[in-house]
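Me: Hi! I have a new model open on my screen and would like a quick tour. Could you walk me through it?

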Amino acid sequence: MKSFSEVLGPILYNTFRPLKKLPFTEKILRSGYYELMAFLRFSEHRLRSLGKTDNLDFRAYKQSQQAWPVAFGGAQNAEELCALFDRLGVRCVQGGHTIYLPPQEKLTAVLGDMVAAFPPDAGYKILKNFAAPDEAVYLFSGVTRARSAEKMTGPLSTQEAAASALYALGIGPKLYGLTELQSKEQRYSCFVVRHVAGAVPTLAEYDRFMRILQQHIEKKYFSLTSISGLQDEDFLDKPGCNGNLIREANSDELLYVDFQQFLPETNRILADVVEAARQDLHFGDTHLHHGKKKSLYQAIPGAGHAGKRDTSMRWPTIREMLAAAERPLHGRVVLDICCNAGLMSALALNAGASWVLGWDLPKVIVHSRRILALLGANRTQLFPAQLGPEYELKKDIPAWITPHLEGAVVFYLAAWHHVGLIRDLANIPWQTMVFESHQNETVDSLRETFSELMQLWQAELHSSREIADESGKRTLAIFLRKTT
Ligand SMILES: C[S@@+](CC[C@H](N)C(=O)[O-])C[C@H]1O[C@@H](n2cnc3c(N)ncnc32)[C@H](O)[C@@H]1O
């Protein structure tokens with residue numbers, strides 16, 4: 001069904017078109033029309049998002065925003081900043097609204113410690129409107145346009161959601177995060193994205209991509225910020241969409257690297273992604289049923305999907321136990337063994353964890369990647385794996401993150417019956433483990449498992465607690481690595 005603006009737009013446009021020919025009226029009519037349409041489209045987008053959340057708070061799963069000190073400052077505007085990067089030998093590409101720094105050797109000289117905190121394939125998109133993420137507007141204010149166009153793109157969280165949605169739908173690269181850069185003089189907003197290197201697509205590939213986009217728009221996964229929709233000049237520029245559509249060299253995927261054109265309906269996408277995942281995300285010997293449907297293991301917010309475990313209910317206890325052990329998650333890497341849909345990983349990122357490495361079965365991980373992106377939990381790398389006691393976790397861990405593993409936290413939640421005790425954890429320098437038993441296991445019944453675990457990984461039991469929900473009692477325990 002067409003929205004109000006989609007019906008009203010052409011009627012108004014055609015009614016007033018004849019007046020365009022009269023002197024002075026064209027500009028007034030045009031900006032009035034655009035202002036009105038932009039207002040209507042954005043209001044509709046807001047209205048559609050209302051009332052879509054359920055009792056699980058979506059925001060609890062969004063990753064914390066990081067702030068990084070940077071070694072540049074003093075530049076008054078984008079031109080000066082680019083000139084400064086040039087002088088320092090750092091390659092930058094100026095777009096309409098952003099300054100993009102692709103991956104390159106000298107990045108640390110300007111971006112400091114942030115560079116080591118992201119994968120080496122990260123590119124950095126700094127907004128030309130210099131301001132912190134909470135205050136910045138994506139569209140560069142140095143260009144004249146209808147004021148409503150700025151409102152249309154919404155706050156930066158909308159672009160964050162748009163980039164994540166493109167990734168979840170397989171048509172955009174991963175967004176690692178939106179960060180604040182802080183110099184002595186200035187605050188900046190920076191999107192950290194996976195850099196896409198490749199070629200201009202063929203016309204046939206362009207057509208294929210546009211059809212996919214059209215389908216997503218019909219399913220109401222997105223609306224477009226531009227009033228001209230798919231007739232916008234970027235989409236009409238065949239086949240490369242003004243450099244935004246790239247066929248990636250090593251994956252052959254067609255990826256759209258700009259995201260400010262899209263207003264995502266994240267709840268709608270999430271609901272469909274979860275529906276498609278239901279069969280794989282379920283886990284257990286017996287199937288719980290909600291109506292005739294298999295239930296998920298982890299409840300997923302936003303999409304209204306109940307699960308066997310409401311992860312947010314065990315979370316306060318885990319955080320209390322970590323606080324009592326003086327092991328906050330902030331700034332630490334988390335290794336989530338048997339991560340399932342990744343909801344516990346997301347909660348950890350929300351609590352300030354710097355990065356999550358997660359493992360689960362291949363059929364599960366395809367869904368977890370998309371779900372985590374839609375929740376806004378993107379500082380992640382997930383590994384499809386058939387885990388078992390002899391599995392070599394270390395082989396999966398990328399070299400760039402190895403220096404950050406010191407002091408890592410391991411989540412071993414409702415996992416040990418499935419994968420045993422993975423020996424290789426002895427070779428990773430984690431310090432803290434959050435262990436959760438399976439149903440109806442107590443510290444007493446786990447005595448043998450705990451002593452094997454402590455010996456295998458050189459760890460000590462710090463504390464334990466029983467928790468319960470409608471499906472029974474379980475034991476949570478914190479283990480700390482013995483210092484040598
Ligand atoms: C009971 S769920 C626990 C999920 C999550 N840790 C939590 O507590 O919310 C067990 C998970 O282990 C995964 N799993 C089972 N066997 C596995 C294996 N051999 N390798 C990797 N993952 C496995 C399942 O796919 C499922 O996501």
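Below we talk through the overall make-up, two sheets, one residue and the ligand shell.

Reply: Happy to! One thing up front: this is a predicted model.

Me: Good to know. How many helices and strands does the chain have?

Reply: There are 15 helices and 22 strands in the chain.

Me: And how much of the chain is buried?

Reply: Of the 484 residues, 39% are buried. As for contacts between residues at least 6 apart in sequence, 65% of them link residues at least 24 apart.

Me: Let's do sheets. In what order do the strands of the 6-stranded sheet run?

Reply: The order is 1-5-6-4-3-2, in an open sheet with mixed pairing. Strand 1 (66–69) and strand 2 (93–94) are the edge strands, each pairing on one side only.

Me: What holds strands together in a sheet, by the way?

Reply: Strands of a sheet pair through backbone hydrogen bonds, and they can be parallel or antiparallel.

Me: So how does strand 1 run relative to strand 5, parallel or antiparallel?

Reply: Parallel, with 4 bridges joining strand 1 to strand 5 (residues 175–182). If you want a pair to click on, Gln66 has Thr179 in strand 5 as its bridge partner.

Me: Which helix packs on that sheet, touching strand 5?

Reply: That is helix 6 (residues 156–168), which touches both strand 5 and strand 6 (187–194). The direction of helix 6 makes about 155 degrees with that of strand 5.

Me: Is strand 5 mostly covered or mostly open?

Reply: Mostly covered: 6 of the 8 residues in strand 5 are buried.

Me: What about strand 5 and strand 6, how many bridges join them?

Reply: 7 bridges, and the two strands run antiparallel. Strand 5 and strand 6 form a hairpin, with 4 residues between them. Leu175, for example, has Val193 in strand 6 as its bridge partner.

Me: Nice. Which strands make up the 3-stranded open sheet?

Reply: Strands 7, 9 and 10, in the order 7-9-10 and with antiparallel pairing. At the edges are strand 7 (198–199) and strand 10 (254–256), each pairing on one side only. Strand 7 pairs with strand 9 (residues 245–248) over 2 bridges, and Gly198 has Glu248 in strand 9 as its bridge partner.

Me: Changing topic: where is Arg465 found?

Reply: Arg465 lies in strand 21 (residues 459–469).

Me: Why does Arg465 count as partly exposed?

Reply: Because Arg465 has 14 other C-beta atoms within 10 Å, while buried takes 20 or more and exposed takes 12 or fewer.

Me: And which residues does Arg465 touch?

Reply: Leaving aside residues up to four places away in sequence, Arg465 touches Thr317, Met321 and Leu476. Met321 is 144 residues from Arg465 in sequence, yet their C-alpha atoms are 8.7 Å apart in space.

Me: Last one, the ligand. How many residues surround the ligand, and which are the closest?

Reply: 22 residues surround the ligand, and the closest are Cys338, Asn340, Leu387, Leu413 and His418. Strand 14 (296–298), strand 17 (355–360) and helix 14 (416–419) each contribute at least two residues to the shell.

Me: What's the split by class in that shell?

Reply: The shell around the ligand has 13 nonpolar, 6 polar and 3 charged residues.

Me: Great, thanks for the tour!

Definitions and conventions: Residues numbered from 1 in each chain as written. Predicted model: local features only at pLDDT ≥ 70, side-chain atom pairs only at ≥ 80, totals over all residues. Pairing = 2+ DSSP bridges. Contact = placed C-beta atoms within 7 Å. Axes fitted to C-alpha atoms, helices over the stretch in contact; angles between N-to-C directions. Near = placed C-beta within 6 Å. Nonpolar A, V, L, I, M, F, W, Y, C, P; charged D, E, K, R; others polar.
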